[in-house]
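Me: I should like a close look at a single part of this structure. Please treat its surroundings in one connected account.

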Amino acid sequence: MTVATAGRELTAPPARRRHPLMTATVVALAAAAMLPVVTLALVALGGSDDMWPHLAANVLPGAIQTTATLIVLVTTGTAILGITTAWLIVGFDFPFRRTLSWALVLPLAVPPYLAAYAFAEFFLFTGPVQTALRAIFGFQTPRDYWFPDLRSTGGAAFVLASVLYPYVYLTCRVVFLMQGRGIGDVARTLGAGPLRVFLRVLLPAARPAVAAGVVLVLMETINDIGVAEYLGVRTLTSAIYTTWINRGSLEGAAQIAMVMLLVVLALLAGERYARRLQRFHNARATQLKARRPRIRIGGLAAIAATVWVAFPVLLGFGVPIWVFGRYAARRMDSLFNADLGAAFLNSVMTGTITAVLSVLIAMFLVYATRVVRASGLRPLVMVASSGYALPGTILGLGLLFALARFDNALDGVMRANFGVSTGLLLTGSLAAVVIACTIRFLALAEGALRSGLEKLPPSLDEAARSLGHTPFASARLVILPLMRPALLTALVLVFVDTTKELSATILLRPFGFNTLATLVYENASRAVVEDGALAALLIIATATVPVMLLSRALSDDRDASAS
Amino acid sequence: MTAGFLKSALAACMTFAAATLTAGTALADGVVNIYSYRQPDIIKPVLDEFTAETGIKTEVLFLDKGLEDRILAEGENSPADVILTVDIARLTTAKEKGVTQALDSEVVNSNLPAEYRDPEGHWFGVTKRARAVYASKDRVPQTSITYAELADPKWKGKLCMRSGQHDYNLALFAAAIAHWGPEKTEEWMKGLKANLARKPDGGDRPQAKAIYAGECDIALGNTYYVGLMRTNKKEPEEKEWGNAINVLLPTFENGGTHVNIAGVALAKNAPNRDNAVKFIEFLTTHKAQQIYAEQTFEYPAEPGLEPSEILKSFGPLKSDTLPLSEISKNRKAASEMVDRVGLDDGPSS
């Protein structure tokens, strides 16, 4: 932990001041973001059903164990995949390295529920993998041989890790690139080999980045219902759904959701507490160019590196494309279908608005906690963005209750005073969908921007402020330009997740409003996913474009060999 | 690149604002707003015929989780005129949550048998869906079966089904509770669990696929999926799955085959009430019933109307006489029983 202690020298806590206006705005924004959670908390307090004895006896022990196992497997899996691939890509030269460096991000474009379907088609008994095995070895029935069952907690973890690891890869790669020459060279002059440099120096220094990525993975794993439902894995989130839908207790469902949220918050707080004394910024914030040359490897090592790095791409991106591509090929006639075109435009529009909105809000929140001296702000911002861990439908319901109440109250006032009916101003329009996605994905924007900002030493702000600039001016002149990669990452992550978003969108959308995701779901829910294959591929394509742009912008490969 | 992105974002924002201002909800004359558990593609033929006949347009909002909650939250301003569902429990939930209103229509009352109408007129069953058994043509010689027999150890490792917590299975289990009482049903469910070939997952259709692939010999499934598979033009292999199975219509002793209904309810604050009533009445007419029978592979609610050829090939349907209200009453108990037995954990544990 040499790095952390050395870093501490640089980090006299940033000079913060009181800014009543900024504080008030942060509180107001956080309150707005907490609207659905608070509404759900009220719902949870509303009823005390007789359901807890049943849940405690028959559901929760298994569900908690399953969820915990799933979390451990998925976070470990994504951490291993994300860190090793980022390290190989940044540090070594091997065949297809440049292509793979951006291809590694592609699985991010695949919604987990579609991945689950594709993996089931591919790996289950009737899929090509097992059919080939049977053909080769002459097996007949499933009792003749053993094959790992995808319909299990391990299987669900496999699916989730295959599409979620890019969160860790992205954050790690940026940090490995930014670590530049400095610390690695120091270690090497002291005689450390590449592996030792990685394990003892680069990895510990990359801890905030790993944490930032893993936290997103953790929340996505917890809020998932699609994969769990399709593979028959009974998590806490499925318990929320069965309690709500099959046993008609929204109160009970909200109670489980609230307990789950508390656990998530405890995990987040624990993670931050664990590295409370460490700061990881570098005195020189813009070291992207001064990168050490990559180590050339050859022979078996190079092949092994290519295979290892290509493997997650083939799984998380290749398998879904293969499965949906085959279905789509038989349905090319409906490519120019008007519904599909409208859904595409709606997805892009919703994604863009949501991305811009949530990045603006998150930027303000993150920057405010940096410059304002008020101890309660950080936890407040953390709670405000924790809605990401809630399943979309549940978050959507909380928001629906709050917004509809607002709509009806406004309508009442307008009717009484002006004789005009405003109707369902928000819940009857696209506004509800945008608000829901903004709140839901605030954590993504917040995480990306925070880790970007944490890399910038406070001396930067201080220099600007000492020259007489206000916090806003120093943000505009100094911080924002340096934050470009982080801003871009935040925009793309939110855009991509909004185009993939299904459950809140389907609950809150107005009449006749389809996104690509709702179109796929309409087909999936009547067991004809294949009819939604074109829309599924379009989701992946829509998300792939910004993901690739991001990946290229961050990798900065053009003058790699020049230094 | 960031600047370009922001510029296009701004343009999108403007479009959005314009869309919000002009959209509003469909309140104009000549519209009926349908909140539907059923996917628009499935009901489209019926909706088109309704519009052709009456000139009233239809707007559909498909939503399969939280539909009643949304209407409840929208309150008096809710644009919902009509609620379409696929399960009796959904209809009774809608009624219990107070998002429906009573309808006393002579047309509907004379078209539909009493067992498919709520006694207080809050909901109406439009089609019947039978919970059947898919059996391998090659490996299962028998041509009839009872629900009780599914727990017979002779099927050990040969039974497939979707999640026990799914609406269709819950309704069947609720009917079993009404027939047999909770204790006997729980024993039976333990038998089902012991017979499972694999952990319950997927939908009804993958169960047929599993039989085709030799993973199991029998499976629980709804009849209409078989119709959809056997007529699938895009995916020829689905025809093979559909043709690999026989559909048996199981019965309860002293009863018949468990049927669920797809139904309709009039929303409490329906802004286009007259159109909504016309729509509900239309669904019960001979014409609409015929479309249902021919195009959706469900059994029409109209007495005496023949179902499609494929459904007829399964043999005559003898519907269970159990009142539908009994089924929705036992739903919660059935759901808890599935947890208690651990049906969804699969055969092993």
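How many bridges join strand β1 of chain B to strand β3 (residues 82–85) of chain B, and in which sense do the two run?

Reply: In this predicted model, three bridges join β1(B) to β3(B), and the two strands run parallel. Within this pairing, Ile34(B) stands opposite Val82(B) of β3(B).

Strand β1 of chain B, residues 31–36, also pairs with strand β2 (residues 57–62) of chain B, again in the parallel sense, over six bridges. There, Val31(B) has Lys57(B) of β2(B) as its bridge partner. The connection between these strands involves helix α2 (residues 40–54) of chain B: β1(B), α2(B) and β2(B) form a β-α-β unit that is right-handed.

The side chains of β1(B) alternate in direction, with Val31(B), Asn33(B) and Tyr35(B) pointing one way and Val32(B), Ile34(B) and Ser36(B) the other. Residues on both sides are buried. Because six of the six residues of β1(B) are buried, the strand is largely enclosed by the rest of the structure.

Elsewhere in chain B, a helix pair offers a further view of the packing. The axes of helix α6 (residues 167–180) and helix α15 (residues 331–341) of chain B come within 8 Å and cross at roughly 105 degrees; α6(B) and α15(B) are therefore roughly perpendicular to each other. From α6(B), the contact draws on Leu170(B), Phe173(B), Ala174(B) and Ile177(B), while the residues from α15(B) include Arg331(B), Met337(B) and Val338(B). By class, the residues of this contact comprise eight nonpolar, one polar and one charged.

Technical notes
Residues are numbered from 1 along each chain as its sequence is written. Chains are lettered from A and ligands numbered from 1 in the order in which they are written. This is a predicted model: local features need pLDDT of at least 70, side-chain atom pairs count only at pLDDT 80 or more; totals for chains, interfaces and linings use all residues. Axes are lines fitted to C-alpha atoms, for helices over the stretch in contact, and angles run from 0 to 180 degrees between N-to-C directions. Helices (H or I, at least four residues) and strands (E, at least two) are DSSP runs, numbered from the N terminus. Angles under 35 degrees count as roughly parallel, over 145 as roughly antiparallel, 65 to 115 as roughly perpendicular and the rest as oblique. Two residues are in contact if their C-beta atoms, placed from the backbone, lie within 7 Å. Ala, Val, Leu, Ile, Met, Phe, Trp, Tyr, Cys and Pro count as nonpolar, Asp, Glu, Lys and Arg as charged, and the others, Gly among them, as polar. A residue is buried if 20 or more other C-beta atoms lie within 10 Å of its own, exposed if 12 or fewer, and partly exposed in between; C-beta atoms are placed from the backbone. Two strands pair if DSSP finds at least two bridges between them. A crossover is right-handed if, with the strands pointing away from the viewer, the path from the first strand over the helix to the second runs clockwise.
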